[in-house]
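Here are some exercises to work through with the model open beside you. Try each task before you read its solution.

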Amino acid sequence: MLSKNKIKFLHSLDMKKNRDAQQSFVAEGPKIVHDIMSRHKDQLSVIAATEEWFAQEHELMAGLQCERIVVSSDELTKVSFLCHPQQVIAVFRKFAEMTAEELPSLAEKLTLVLDGVQDPGNLGTIIRIADWFGIEDIICSKDTVDVYNPKVVQATMGSIVRVRVSYMDLKQLFEAIPPTLPVYGTLLEGNNMYSEQLSHNGIIIMGNEGKGISPQIRQFITKRLRIPNYPEGRDTADSLNVAVATAIICAEFRRR
């Protein structure tokens, strides 16, 4: 049974300052909790679930030293961040981020950099897109929405365990990476990406939903790209959603 203190604790993790203080985050639903536990069992600290869920996942739970709470569907509703609670809510400790010593490894692969992305759904979807296209690292500006926001975690649909998300000062990042590493930026005044040469490695910068890539980060772009509308010159939408644009660009990089 959930105590009042435990309910208060779970609710508190909706706020970033509390997630930072506790170095913990919430995940909900059978798929997401299963995916995280499959890779990060040792990160689990608290789990509240229905008897049915515990019965289904008894093998996964075997030997785990964490707090287990059997709850009813009604109790789960009291602590869930979802409109329709799904059997289980769990608290995990945060994952490790990329260190400065690992930055040279970026030269060997394709990496996404997010400059000021604010919408939790967009960040969660971008993480899922990165997972689909085999991109293992996303580096975010410090003003990008928190990856451990419950809405972000939910939108990743489990991909949060396969894509490492780190937060850095982007100016310092670009000053630290090898100068020969291609830095692609998505800009309305960029070159048609379908007629540009694209490399198997490099950094792809995606900007804020309303403002795009900030002026202080644009200076580091070495290859400006644009997703053309069809047919070009036609009166159309001002721009694409940042998650949709990320999917289109990643697909083109991998197609090459």
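**Exercise 1. Count the aromatic pairs, then work out how Phe-25 and Tyr-148 are arranged.**

Start with the rule: rings of Phe, Tyr and Trp (its six-membered ring) pair if their centres lie within 6.5 Å, and planes under 30 degrees apart count as stacked, over 60 as edge-to-face and the rest as tilted. That rule gives 7 aromatic pairs. Next, take Phe-25 and Tyr-148: their centres are 4.7 Å apart with 35° between the planes, a tilted pair. Now look at where the two partners sit. Phe-25 is in strand β1 (residues 24–28) and Tyr-148 in the loop between β6 (137–141) and α8 (150–156), so this pair links distant parts of the chain, 123 residues apart. Helices (H or I, at least four residues) and strands (E, at least two) are DSSP runs here, numbered from the N terminus.

Then check burial, where buried means under 20% relative accessible area, exposed over 50% and partly exposed in between (1.4 Å probe, protein chains only). Phe-25 has a relative accessible area of 0% and is buried; Tyr-148, at 7%, counts as buried too. Last step: ring pairs join Phe-25, Phe-92, Phe-95 and Tyr-148 into a cluster.

A word on the ground rules: this is a predicted model, where local features need pLDDT of at least 70 and side-chain atom pairs count only at pLDDT 80 or more, while totals for chains, interfaces and linings use all residues. Residues are numbered from 1 along each chain as its sequence is written, and side-chain values use heavy atoms, with hydrogens and water left out.

**Exercise 2. Classify the pair formed by the rings of Tyr-184 and Phe-253, and say which elements hold them.**

First the geometry: the ring centres of Tyr-184 and Phe-253 are 4.8 Å apart and the planes meet at 85°, so the pair is edge-to-face. Then the location: Tyr-184 belongs to strand β8 and Phe-253 to helix α11, so the pair ties together parts that are 69 residues apart in sequence. Finally, burial: Tyr-184 has 1% relative accessibility and counts as buried, and Phe-253 is buried at 6%.

**Exercise 3. Check the span of α11, then find its cap and its packing partners.**

Begin with the ruler: the expected span is 1.5 Å times one less than the number of residues. For the 14 residues of α11 (residues 242–255) that should be 20 Å, and the end C-alpha atoms are indeed 20 Å apart. At the N-terminal end, Asn-241 is the cap, with a side-chain oxygen 2.8 Å from the backbone nitrogen of Ala-243. Now go inwards: among the buried residues of α11 are Val-242, Ile-249, Cys-250 and Phe-253. The buried residues pack against β5 (110–115), α7 (120–132), β8 (183–192), β9 (202–207) and β10 (223–226), where contact means heavy atoms within 4.5 Å.

**Exercise 4. Do the same for α7.**

With 13 residues, α7 reaches 19 Å from its first C-alpha to its last, close to the 18 Å expected. At its start, a side-chain oxygen of Asp-119 comes within 3.0 Å of the backbone nitrogen of Gly-121. Its buried residues include Leu-123, Ile-126, Ile-127 and Ile-129, and what covers the buried set includes β5, β6, α8, β7 (164–168) and α11. Just after the helix, Gly-134 takes a positive phi of about 70°.

**Exercise 5. Which residues have the most contacts inside the largest nonpolar core?**

Define the core: a set of buried Ala, Val, Leu, Ile, Met, Phe, Trp, Tyr and Cys residues joined through side-chain atoms within 4.5 Å. The largest one has 53 residues, and Met-37, Ile-47 and Ile-138 have the most contacts inside it. α11 gives the largest share, 6 residues. A second, separate core of 19 residues includes Ile-139, Met-168, Leu-181 and Leu-187.

**Exercise 6. Where do the buried residues of α1 lie around its axis?**

List them: Lys-6, Ile-7 and Leu-10 are the buried residues of helix α1 (residues 4–12). Seen down the axis, they fall within an arc of 100°, so they line one face of the helix; the arc is that of the directions from the helix axis to the C-beta atoms. The face turned away carries the exposed Lys-4, Asn-5 and Lys-8.

Note on methods. A polar contact is a pair of N or O atoms within 3.5 Å; within protein, one must be able to donate a hydrogen and the other to accept it, and residues adjacent in sequence count only if both atoms are side-chain atoms.
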